[in-house]
Every structure is written in structure tokens, then in C-alpha cells.
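Got the viewer open? Set it to a cartoon view, keep the selection box handy, and follow along stop by stop.

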Amino acid sequence: MPRTVSFEGFSRECVDFWTGLGLNNDRLWFEAHKPDYEKFVLEPGRAFILAMGERLREIAPRVHADPRVNQSIFRIYRDTRFSRDKSPYKTHFGLWFWEGTGPRMECSGFYWHLEPPKLMLGVGLYMFPPVLLDEYRRSVVHPRHGAALAGAVREVLSLKGCEIGRKHYKKTPRGFDSGHRNAELLLYNGLYAGMESGIPDEFFSADIVDWCFDKYRGLTPLHRWLLDLTERAQ
């Protein structure tokens, strides 16, 4: 995509498309509205990725902002092979800006999620691959890395409406002290921080880039800790 394309905001039709798909998650509806998906979702989405990527480089210099499906754009088609829910399409627009040299979903990054009437932003790494999970647990209890993690978590949780995930285990992993001051974080098999809001007025103009950047900047301490983690594990 030419980098001269400017981003001017998303349209009401973008929101309408996702609202409609949420009510009509079937192939007939999608095929009839596929031109709307191309024009009102993918076209401005690609321009937004380039604009947001440029802005994010102020706080994440090596961020990847690749305006292709299965890169910064999550595909709309659901994998229903092992799911009881056979709905063919995702009912949200997901974008991903990752930083690091590993596979995109094994890096920490900045996530953007539109699902009317909500817009959600987050940073982090949704699920640790096995080798990274081991390094994460060692880092949680490490005197320096563990203290830095606790500080990053406190900092992002001080933001209004921010929550962290992904707590998964019920018991402290074998070989680790359940009385450690960071023991709660040993129960996570991924780590991210996020916040959601209604769709802001800025969504419909280029100002959404600045709006998102302000939110991402507040979440950056957790991203930087995770970026260091992935680099240590390489």
C-alpha cells in the first residue's frame, strides 16, 4: 500500500458494518456487504495502521505496522474446526502492532479492537509460548526483573479503567514459592493490560491516532518489560 495514503478517520459506515455483522453472522449477509467491508473497514484500516505505526515509533521504535491481513490486520474468518460455535465471522475488527524479532504473536505489542458499541485498547502478550513461559516465571521471582514487573503492573493499574490478564492457573507452579511477593503473577500464562470505552468522537477523524497514542503511552511500562523478557528468552 502506498505510504502517501493519508488517514482521515473511520466512518459511521464502518461501525454500521460491524453492528450489522453482529446481528447477521452468516455468509449470505457478508457476501452482500463485502464491498462495504473493503471500502469502510479495510481501506481506512490500512491507512490507520500506517499512521498509528508512525506515531507508535515514538515509544516503540521497532514496532511493526504492516497493513496486510494476518499481519497487523487479523483475519475476519473464524477457525470453527474445533468450536461448537460455527459462526463463520468474527464480529470485531482487530489490529496488532508488535515489537520484537520473534513471530508476531510471540511478541509484546499494541492491540486495537473495535466491537460496537465499544473500542478496546491493550498492550502485552496474550499467551506465552512454552519457552517464554519458563523465562517469565523466572523473571517474576528474580530480584531485579520481578521488582520491575511489580512496578510496571502498579503503574498501568493506576490508569482509570485499566485491567490486567491473563490469570490462568489456580496453584503456584511447582518449584516456586507460593509466599513470594509476586506469587499472584505466577498464575498467569500470558500478560496484558487493557481498557475499553465507548467509541469516542475522535474515531471519526484523524484525531483517533492521537487519542489511541495517549492511551498506549500510559500502558507502555508493561510493554517494555515484556519486550525485555522476549529478548532475554532468545
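Start by selecting residues 27–56, which make up helix α2. This is a predicted model, so everything on the tour is computed. Helix α2 has 30 residues, yet its end C-alpha atoms are only 36 Å apart, while a straight helix at 1.5 Å a residue would reach 44 Å. Where does α2 bend? Click on His33: the helix turns by about 55° there, and the proline Pro35 follows within four residues.

Now slide back to the start of α2 and show the side chain of Asp26. One of its oxygens comes to within 3.2 Å of the backbone nitrogen of Leu28.

Next, show Trp18 and Tyr37 as sticks. The ring centres of these two are 6.3 Å apart and the planes sit at 85°, so this pair counts as edge-to-face. Trp18 belongs to helix α1 (residues 12–23) and Tyr37 to helix α2, so the pair ties together parts that are 19 residues apart in sequence. If you like rings, keep looking: a search of the whole structure turns up 25 aromatic pairs.

Time for the sheet. Its 6 strands form an open sheet with antiparallel pairing, and you can walk across in the order β1-β2-β3-β4-β6-β5. Colour β1 (63–64) and β5 (163–167) to mark the edge strands, each of which pairs on one side only.

Which helix packs on the sheet and touches β1, β2 and β3? That is α2 again, with its direction at about 25° to that of β2. Zoom in on β2 (residues 93–99) and β3 (residues 108–115), which are antiparallel partners over 7 bridges. Pick Leu95 and look across to β3, where Trp112 is its bridge partner.

Hop over to β4 (residues 118–125), which pairs with β6 in the antiparallel sense over 8 bridges. Select Leu125 here, and you will find Leu191 of β6 opposite. On to β5 and β6, which run antiparallel and are joined by 4 bridges. Glu163 is a good one to click, as it faces Gly194 in β6.

Stay with these strands and select residues 143–157, helix α4. This helix packs on the sheet too, touching β5 and β6 (188–198), and its direction makes about 130° with that of β5.

Last stop: residues 208–233, helix α5. From first C-alpha to last, its 26 residues reach 35 Å, close to the 38 Å expected at 1.5 Å a residue. Still, click on Leu219: α5 has a kink of about 55° there, shortly before the proline Pro221.

Notes:
Residues numbered from 1 in each chain as written. Predicted model: local features only at pLDDT ≥ 70, side-chain atom pairs only at ≥ 80, totals over all residues. Heavy atoms only, no water. Helix = DSSP H or I, 4+ residues; strand = E, 2+ residues; numbered from the N terminus. Expected span 1.5 Å × (residues − 1). Bend = angle between axes of the 7 residues up to and from the residue. Polar contact = N/O pair within 3.5 Å; in protein donor to acceptor, adjacent residues only side chain to side chain. Pairing = 2+ DSSP bridges. Contact = heavy atoms within 4.5 Å. Axes fitted to C-alpha atoms, helices over the stretch in contact; angles between N-to-C directions. Phe/Tyr/Trp six-rings, centres within 6.5 Å; stacked < 30°, edge-to-face > 60°.
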